[in-house]
Amino acid sequence: MIFNIPFIAVAALILIGLYAVIFKRNLIKIVIGITIIQSGVNLFLITLGYREGSIAPIYTSSPGGIMSLPVPQALTLTSIVIGVAVLALMLSLAVHIFRHYKTLNVKKIGGDEE
Amino acid sequence: MNISDFIDLLLQHSPALIVAVPLLGAFLTPLISRINDKARNIFVILTLGFTMFLVFLLASNVFSGNIYTYIFGAQDISLPVVRILFEVDAISIFMAIISIVLSLVAAIYSWSFMKENTGLDKFYTLILLMTAGMLGMELTGDMFNFFVFLEITSISSAALIAFWTNKAKSVEAGFKYIVISSIAAIFVLFSVALFYGQYNALNIAVIANAIQYNFLDKIALILLIAALAMKAGVVPMHMWLPDAYGRAPSAVTLVLIGATQASLYGVFRVCFTIYGNVINLNTISIGWVLVVLGIITMLVGVVMAIIQTDLKRLIAFAAVGEIGYMLLGIGAGLVSLISPEMAASGFEAMKGGIFHIMNDAFDIGLLFLVAGAIYYATKETSINKLGGLARNMKYTTIFFIIGLLAVSGIPPMNGFASKLLIYESTYQLNPILAIIAILSSIMLLAIFVKIFHSAFLGPSLKKYSNVKEVPKSMLISMGIISAIIIIFGIFPEFIINNIVEPAANALINHSEYISQVISLGGA
């Protein structure tokens, strides 16, 4: 049971993130929601590669014993870098939206301002 | 080294170069634009032109029956998962041809269309990045790599949609797009993790070889289809598409069509290749899901197009409708191919669906370019305020007529060839499907005739009396697409036999795609 906790955390993070994206009215909260989903998926990848009692997969200075799988960690690193780029872009777009509408409330955005 | 050796070398490394050339070109563009604007535009067009040459070089090899694999990383097969494979079969290169033609035409079009904007070095950088991302999505044979290219495409296209940051609606459309596409990409990553956890592989062919269709695989299938269909603008998830297509600069919309179709390619790759081994055994339900989605997409797109008053939004809804035809064709193919007596008509449906991907890209693309030309000349997109433009813009009018006929499937144009294949084959599956498809085409014709009448015909309006024809680069790019449309319409058999049929075969015979990699020893 105790080793299922990471997977429960993954499901919880993804659901919380989806809730924020779907039901929150503030653009910044939507962005936060997406980041939370992303963390959930990253945690899932890391958990897949972990074995009980394993050490970091560095071959040159290994004291012996089992290592956790390096591939999911490489994938997660890539995914984190991409996530930062997406986050930066979303926030900069949110700044532009705020400049135009003077609000971040989804309900008040989208009127004919042009 | 003589020329033919050099060409062989290019061909040998072409899958890598097709992605690398636009990627490097993207980061050189800001440097080149320090010289002057003209040098930058020529550089971008040359970069895309060279990429197009490479795509055609690879295509001539692939269409003659080879599946081309290119290994990045360790060549030694005994090491697991330390390499990325590019695997190019006929459907990949078919989509790559569409993407690169659209990007090149968009680059030519932007020369005058975007002339008055600032920050054009970033604009062209993003266009090249997006092209690299789309081509990567289409050529890669690795699920995680697919995710990375998906994200490259989404980030650059969201930035391009919001390129006119002084317009509130553009920024809003860009935000909507990045939210949708980043969530879609995260779900793709989640299903990649599900595959990796079960089969210890990231390569599409290796996953497809090992897949068992257990509970986790079903979750992954649903997530992948939902995420990629969301990015492709299939109806229950289409709300971002009219905004994004309608608010982006027209040149960007053209490339965006390519990006949307790259996601659609992802749907087909997932259904036919990754789940190809198990879907035949198990159910016909995925085929029916695609058919029903196709029908709904078609109807909603066309019906919503009727009530629009903004020209670009209207064309965007028509584009949603057109996506329905592709899904209908491919879905009907997937349903019919399973039963032996229907296999012939199923193959026809597949050919129609795949051919329509290419035709839609050019038809809808041409209409968007014409809408952009109207905007460039009059600064107006509302249909109600336009009128009498045929008096001043005669070439644009001709191009609009070509686009109108092509999109509604009237005989001398290419839209007819693919739509006829879809009507015929879906009629054998269920007549109602064909009737709905024909009805949607008729409605598309009605809508575009209405626009043609209100924008181009009618008395000349005083405020448009000194409107001039658009500059040469825009006319050239519209001319290129019109020429393609007419050539495809006059010689459909040639295109179907030489390009579409290998692509349809590549989708159906997934075992070849799989065995190509397994014979290397697995990745």
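Select chain B and colour it by burial: buried residues account for 65% of its 523 residues. Keep in mind that this is a predicted model.

Now switch chain B to cartoon. You should find 21 helices and two strands. The radius of gyration of chain B is 22 Å, close to the 24 Å from the globule rule for 523 residues, so the chain is as compact as a globular protein of that length. Turn the C-alpha trace along its principal axes. It spans about 75 × 60 × 45 Å.

Next, show contacts within chain B. Take those between residues at least 6 apart in sequence: 81% of them join residues at least 24 apart.

Put a surface on chain B. About 17,500 Å² is exposed, and 67% of that comes from carbon and sulfur atoms. Then pick out the charged side chains. There are 26 positive and 26 negative ones in chain B. The centres of these two sets are 18 Å apart.

Now zoom in on helix α19 of chain B, residues 472-490. How far apart are its end C-alpha atoms? They are 26 Å apart. At 1.5 Å a residue, the 19 residues should span 27 Å, so the two values agree.

Show the side chains of α19(B). Buried here are Ser473(B), Met474(B), Leu475(B), Ser477(B), Met478(B), Ile481(B), Ser482(B), Ile484(B), Ile485(B), Phe488(B) and Gly489(B).

What covers these buried residues of α19(B)? Select the following helices of chain B, which are among the cover:

- α4 (90-113) and α11 (250-274)
- α15 (343-378) and α16 (394-407)
- α17 (414-429) and α20 (492-508)

Notes. Residues numbered from 1 in each chain as written. Chains lettered and ligands numbered in written order. Predicted model: local features only at pLDDT ≥ 70, side-chain atom pairs only at ≥ 80, totals over all residues. Heavy atoms only, no water. Helix = DSSP H or I, 4+ residues; strand = E, 2+ residues; numbered from the N terminus. Expected span 1.5 Å × (residues − 1). Buried < 20%, exposed > 50% of the residue type's maximum accessible area, 1.4 Å probe, protein only. Contact = heavy atoms within 4.5 Å. Rg over C-alpha atoms; globule rule 2.2 N^0.38 Å. Areas by Shrake-Rupley, 256 points an atom, 1.4 Å probe, with all protein chains shown as cover. Lys, Arg positive; Asp, Glu negative; His and termini not counted. Charge placed at Lys NZ, Arg CZ, Asp CG, Glu CD.
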